[in-house]
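Q: Please take a close look at a single part of this model. I would like the pairing, the packing and the residues involved, with the cut-offs behind each term.

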Amino acid sequence: MVAIDACVPASTTTKPRSFAFVFGQGSGHINPSLPVARTLMNWGHEVHFLTRPQMREAVEGTGAKFHSDLDWLSELYEDREPDIYGAFEALKHENGIPEDSFCNMICKLRTIANELMLPGLLRWLQSIRADAVMYCPMLNAEAVYGAELLGLESVGLLTTAGPGSLERCYEEFMAACGQTVEGIKAQLEVFEPHRAACKRFQEKYGIHISPMGILEPLGKISEMDKSYTTLVTTCDDLQDPMTPELEKAYERAGTRFEAVGPLLDEEGAKRCAGHTLSGAAAVTGSDEVVTKLREAKAAGRKAVLVSMGTVITGDQPVVGWKGLFQDADGNFRGLTGKQLCQAAWRGAFDAFGEASEEEGALILVSLGPQPDALEGLTVPPNAICLPVLPQVDLLRIGVDLFLTHGGQNSFTESLSCATPVVVCPGGGDQIVNARKAQALGVGLEVPRPFPEVGEEEQARNKYRSDVTAALKAVIASEAFSSKASECAERLRRCGGVVRAAEVMLEAADRRKQNVEVKLPAVGGA
């Protein structure tokens, strides 16, 4: 068992605190918070999570108390679909933009959705007598507003490679959707429901929200300006650089960031894994596959871990299993998540598949929650394919190569364990991390293809062969492992889980006393 709370700070001798953790439907966003919650619980404090029902088992595995956002955020979810994407679809129709693309929808409706979530969030924060708030800056801006109104400090948990990564992340996403920053800004200028929501925030709560949001300057999350600090899950020298404009904007606002490195939990700990929007979440933990890996290593066999992440194997629109990107003209193009994943898995089987279970490398494949994941595929006998794998435990034991989608958690987890990578990004910050892997010398990138209509089959076949070639090249060269080991040493110097928990205590000590807020007249949860 790997202990994560061995160094208990002196400040934990003060009275027990109540911590509010607010996270949306994203396994990669919530997972780094779980060991922080466990540590605070072990130090004698209370931790409460407001999140999706799919995350319940992993949350309760830390000892923290789970609260469903469906129960508390009734203003958003009442009479709408009980998931954030379904609720946004309903808001599209309510606000007269039923045909808008996914990208446009998020930009236009984000403030409207936050306005609907805020009353319920305030009720919840008051009910648990919160002393400080941890939240995801990318998904849960409402947590910052609620904390500010109640005199609480908030701490962001940014699961990308620092604030500089967000500009590139949004650029990549908008480009894939056929959109431009100027084009979306022009639409926001004239979209009255959005501007009216910004005005109501000011009138009701005294909270200023920029109508341009993350677009001005691109990638700036203004909610982090209001936080005590934002934790970044990498080290300082592995963060993506900020543009001069973005850096100056954060400096003017006095925004604080602290790089704490990857936040890894105990061996065998439950983590949120792949899930669908409506179904139960898969939860990882140590199991028989760990034994299989140990046996393979003892026998001198190579081991290859394969995971395309939780987003592309889920059922989110655009970026999920059946999703396709939509260009500016409304045309769908490219490969679905299923087509991309299956081509990558085939590439791994081509590279390392053998005729018997005991021959060659042990191939460990995390499939995700889809029932048709292996449809049409021939799995070699030396491969183990499961919906969920205990990724962190396997990386700690040691694999020789990791085929990853390149999400920030997976990328830093692999580097912290000195594991070379082949990165097959699906979108967003994964694309940036794929390029970074090559620049650092820790692996190779296989870019996602965006074929024209009618050329999908040719693109899948080329992608498959490119994955095979990259895997063979990385595992054949010690240079990639050497560079990954250098990165592991840099990450080990970070404060990690203990420092993140200490920051939460610092934030709680700064709570303002006797702050009252008048809630809008709405029903309770």
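A: Val304 stands opposite Leu401 in strand S15. The strands concerned are S10 (residues 303–307) and S15, which pair in the parallel sense over four bridges. Two strands are said to pair if DSSP finds at least two bridges between them. Strands and helices are themselves DSSP runs, numbered from the N terminus: a strand is a run of E of at least two residues, a helix a run of H or I of at least four.

The model is a predicted one, in which local features need pLDDT of at least 70 and side-chain atom pairs count only at pLDDT 80 or more, while totals for chains, interfaces and linings use all residues. Residues are numbered from 1 along each chain as its sequence is written, and side-chain values use heavy atoms, with hydrogens and water left out.

S15 also pairs with S16: the two run parallel and are joined by three bridges. Here Phe402 of S15 (401–404) stands opposite Val421 in S16. Val421 has a bridge partner in S17 too, namely Gly443. S16 and S17 are again parallel, with three bridges between them.

These pairs belong to an open sheet of six strands, ordered S14-S13-S10-S15-S16-S17, and its pairing is parallel. S14 (383–386) and S17 each have a single partner strand, so each is an edge strand with one side left without a neighbour in the sheet. From one strand to the next the twist averages 15°. Angles are given from 0 to 180 degrees between N-to-C directions, and axes are lines fitted to C-alpha atoms, for helices over the stretch in contact.

Side chains of a regular strand alternate between the two faces of the sheet. In S15, Leu401 and Leu403 point one way, while Phe402 and Thr404 point the other way. All four of these residues are buried, meaning under 20% relative accessible area, where over 50% is exposed and anything in between is partly exposed (1.4 Å probe, protein chains only).

Next comes the helix that lies on these strands. H18 crosses S10, S15, S16 and S17, and runs at about 150° to S15. H18 covers residues 456–476, which is 21 residues, and spans 30 Å from its first C-alpha to its last, close to the 30 Å expected. The expected span is 1.5 Å times one less than the number of residues.

The buried residues of H18 are Ala459, Tyr463, Val467, Thr468, Ala470, Leu471 and Val474. They pack against S15, S16 (421–423) and S17 (443–445), and also against helices H14 (337–352) and H19 (478–492). Contact means heavy atoms within 4.5 Å.

H19, one of the partners of those buried residues, also packs against helix H16. The angle between H16 and H19 is about 100°, and their axes are 7 Å apart. H16 and H19 are therefore roughly perpendicular to each other. The class covers 65 to 115 degrees; angles under 35 degrees count as roughly parallel, over 145 as roughly antiparallel and the rest as oblique. On the H16 side the contact is made by Thr412, Leu415 and Ser416, and on the H19 side by Ala484, Cys487, Ala488, Leu491 and Arg492. Sorted by type, the residues of the contact of H16 with H19 are five nonpolar, two polar and one charged. In this sorting Ala, Val, Leu, Ile, Met, Phe, Trp, Tyr, Cys and Pro count as nonpolar, Asp, Glu, Lys and Arg as charged, and the others, Gly among them, as polar.

H16 (residues 408–416) has another helix partner in H17 (residues 429–440): they pack at an angle of about 25°, with their axes 10 Å apart. That angle makes H16 roughly parallel to H17. From H16, Gln408, Phe411 and Leu415 take part, and they meet Asp429, Asn433, Lys436, Ala437 and Leu440 of H17. The residues of the contact of H16 with H17 comprise four nonpolar, two polar and two charged. Leu415 of H16 thus appears in the contact with H17 and in the contact with H19.
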